[in-house]
Amino acid sequence: MSVRLNELSAAEIAAQISAGELTARKVMEACLNRISEREGEVGAFIQIDPERALAAAEAADSRPATGLLHGVPFAIKDIIDTAGYPTGWGSSIYDRHQPPRNASCVEHFCREGAIPIGKTVSTEFAYFQPGKTANPHNLGHTPGGSSSGSAAAVADAMVPLAFGSQTAGSVVRPAAYCGVLGYKATQGGFDLQGVMGLSPSLDTLGLMACSAADLALGRAALIGSAPGIGAHFSETPPRIALMRGPDWENGSVEMRDVCQRALARFAESGAETGELAHPEIFEELVECQKTVMAYETGRARIYEFAHHRDQLSDHFVALMEQGLAIPRGAYEAAIAMRDRAMRVLETLFVDIDIILAPAAPGEAPAGLGATGDPLYNRVWTLLQVPCASVPFGKGPNGLPLSVQLIAKRGDDNRLLAATKWAHDCLRGA
């Protein structure tokens with residue numbers, strides 16, 4: 001059965017356009033047709049302009065294909081500024097707000113020939129209050145948050161590549177719930193100019209795709225490097241250790257099972273595998289992350305709290321009140337604990353390449369009134385390490401399950417190479 005154009009990966013689209021085998025307009029038409037078919041049910045987008053997108057695709061077809069992403073449609077989370085589309089941060093306060101410029105990440109994608117297709121739904125200020133998006137695998141279940149629209153759009157083949165962001169678990173968790181690959185970069189690894197700030201110690205840009213090669217291609221476009229990821233583990237598989245973590249028993253049975261099955265599968269595929277006991281300091285890190293996030297959010301979003309409190313959700317008001325009540329000393333103690341834990345974590349990567357951990361508590365929960373629990377993402381976001389969600393199998397309700405891969409801080413290329421290797425292994429299982 002032939003693959004529809006909207007189901008092609010970003011890498012395949014760019015290669016076929018460069019070879020003259022495909023046009024950007026044909027790809028854009030296929031993506032827009034898919035959106036027209038499914039958007040009414042899935043609700044992945046907050047802004048879309050088909051005429052603008054098609055005009056941009058035609059313009060791409062009129063010039064040589066020189067960029068890494070030439071002709072590739074991409075979607076943009078609604079906390080990321082775009083000159084061509086309003087940016088509302090998931091809040092009625094900024095409804096129809098039109099930024100005067102693109103965020104740096106958007107501009108870099110456009111510089112490499114990619115074409116914005118629209119803005120995807122974000123939770124309110126990238127926190128917990130959900131938007132309209134449903135999980136495309138089962139419309140009665142959450143897609144996760146806060147990058148809900150991006151994960152759902154990629155999962156439903158509306159677009160091959162999309163931007164997300166993570167402050168607690170907002171890339172890895174929705175990617176896991178929607179059964180796509182999600183990549184959260186090392187904190188500070190991508191420029192955040194034009195991306196709404198919530199917690200500067202935690203905020204991190206990420207990408208959603210169905211192909212590990214697309215994650216690498218997107219990373220290359222953002223940092224200005226060649227996109228190759230295959231060399232790291234082409235001959236010698238990665239050394240992978242499962243870290244159950246202090247909250248292992250708080251997840252579902254299927255979550256624990258999928259992590260153990262994935263580890264076994266990696267061993268069968270030639271990887272050096274084992275288990276890694278979590279350091280004692282990790283027992284404190286979930287609360288540490290909550291303290292840092294609340295305190296910094298209380299400073300970053302004080303204007304909205306002071307002047308538009310009646311337009312904020314109860315969730316967000318509670319976060320602001322909590323953050324403003326945290327003494328500076330408690331925040332500094334949390335940062336100091338984070339720094340100690342980062343040094344401990346660094347030593348664990350001497351004998352391994354990748355940590356395997358849960359991506360989410362299980363499959364996507366039923367209902368659209370909440371976005372699920374970022375419990376299994378908070379620690380890694382606090383420690384500023386790169387993470388990826390890799391789909392593997394189905395849960396008891398037929399929804400996707402995933403595992404999480406974690407690399408050393410700054411070792412994003414190794415993470416993406418391991419993600420490709422792991423994805424290939426698990427797809428064949």
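Buried here means under 20% relative accessible area. I start with that cut-off because the first part of this talk leans on it. One more thing before the details: this is a predicted model.

Let me begin with strand E6, residues 204-209. Six of its six residues are buried, so E6 is largely enclosed by the rest of the structure. You can check this face by face. On one side sit Thr-204, Gly-206 and Met-208, on the other Leu-205, Leu-207 and Ala-209, and every one of them is buried. So both faces of E6 are covered, by the cut-off I gave at the start.

What pairs with E6 along its edges? Strand E4, residues 161-166, runs antiparallel to E6 and is joined to it by six bridges. One pair to look for is Ala-162, whose bridge partner in E6 is Met-208. Strand E5, residues 181-184, is also antiparallel to E6, over four bridges. There, Lys-184 has Gly-206 of E6 as its bridge partner.

Now the wider sheet. The sheet is open and has eleven strands, with mixed pairing, and the order is E1-E3-E2-E4-E6-E5-E10-E11-E9-E7-E8. At the edges stand E1, 45-48, and E8, 272-275; each has a single partner strand, so one side of each has no neighbour in the sheet. From one strand to the next, the twist averages 30°.

Next, strand E2, residues 73-77. Is E2 enclosed or open? Five of its five residues are buried, so E2 too is largely enclosed by the rest of the structure. Pro-73, Ala-75 and Lys-77 are buried on one side, and Phe-74 and Ile-76 are buried on the other. Note that Lys-77 is in that buried list.

E2 has parallel pairings. Five bridges join E2 to strand E3, residues 115-120, and the two run parallel. Phe-74 has Pro-116 of E3 as its bridge partner. Between E2 and E3 the chain passes through helix H4, residues 104-111, and this β-α-β crossover is right-handed. At the start of E2, Pro-73 stands opposite Ile-115 in E3. E2 is also parallel to E4, through two bridges. In that pairing, Ala-75 is matched with Ala-162 of E4. Ala-162 is the residue I mentioned before as the partner of Met-208 in E6.

That brings me to helix H4. Its buried residues are Ser-104, Cys-105, Val-106 and Phe-109. These buried residues pack against E2, E4, E6 and H7. As a reminder, residues three or four places apart in an α-helix point the same way, because there are 3.6 residues a turn. After H4 comes Gly-113, with a positive phi near 95°.

How do H4 and H7 pack? H7 covers residues 212-223, and the axes of H4 and H7 are 8 Å apart at an angle of about 105°. The two helices are therefore roughly perpendicular to each other. On the H4 side the contact is made by Cys-105, His-108 and Phe-109, and on the H7 side by Gly-218, Ala-221 and Leu-222. By type, the contact residues divide into four nonpolar, two polar and no charged. Cys-105 and Phe-109 also appear among the buried residues of H4.

I will finish with two histidines. The first item is His-423, in helix H14, residues 412-427. Is His-423 buried or exposed? His-423 has 6% relative accessibility, so it counts as buried. Not counting residues up to four places away in sequence, His-423 touches Leu-181, Cys-210, Val-390 and Pro-391. Leu-181 falls in E5, which is residues 181-184.

The other item is His-315, in helix H11, residues 314-325. His-315 is partly exposed, with a relative accessible area of 36%. Which residues does His-315 contact, leaving aside neighbours within four places in sequence? Those are Tyr-127, Phe-128 and Gln-129. For Gln-129, the C-alpha atom is separated from that of His-315 by 6.5 Å, although the two are 186 residues apart along the chain.

To recap: E6 and E2 are each largely enclosed, and H4 carries the right-handed crossover from E2 to E3. H4 and H7 are roughly perpendicular, while His-423 is buried and His-315 is partly exposed.

How values were computed: Residues are numbered from 1 along each chain as its sequence is written. This is a predicted model: local features need pLDDT of at least 70, side-chain atom pairs count only at pLDDT 80 or more; totals for chains, interfaces and linings use all residues. Side-chain values use heavy atoms; hydrogens and water are left out. Buried means under 20% relative accessible area, exposed over 50%, partly exposed in between (1.4 Å probe, protein chains only). Two strands pair if DSSP finds at least two bridges between them. A crossover is right-handed if, with the strands pointing away from the viewer, the path from the first strand over the helix to the second runs clockwise. Axes are lines fitted to C-alpha atoms, for helices over the stretch in contact, and angles run from 0 to 180 degrees between N-to-C directions. Angles under 35 degrees count as roughly parallel, over 145 as roughly antiparallel, 65 to 115 as roughly perpendicular and the rest as oblique. Contact means heavy atoms within 4.5 Å. Ala, Val, Leu, Ile, Met, Phe, Trp, Tyr, Cys and Pro count as nonpolar, Asp, Glu, Lys and Arg as charged, and the others, Gly among them, as polar.
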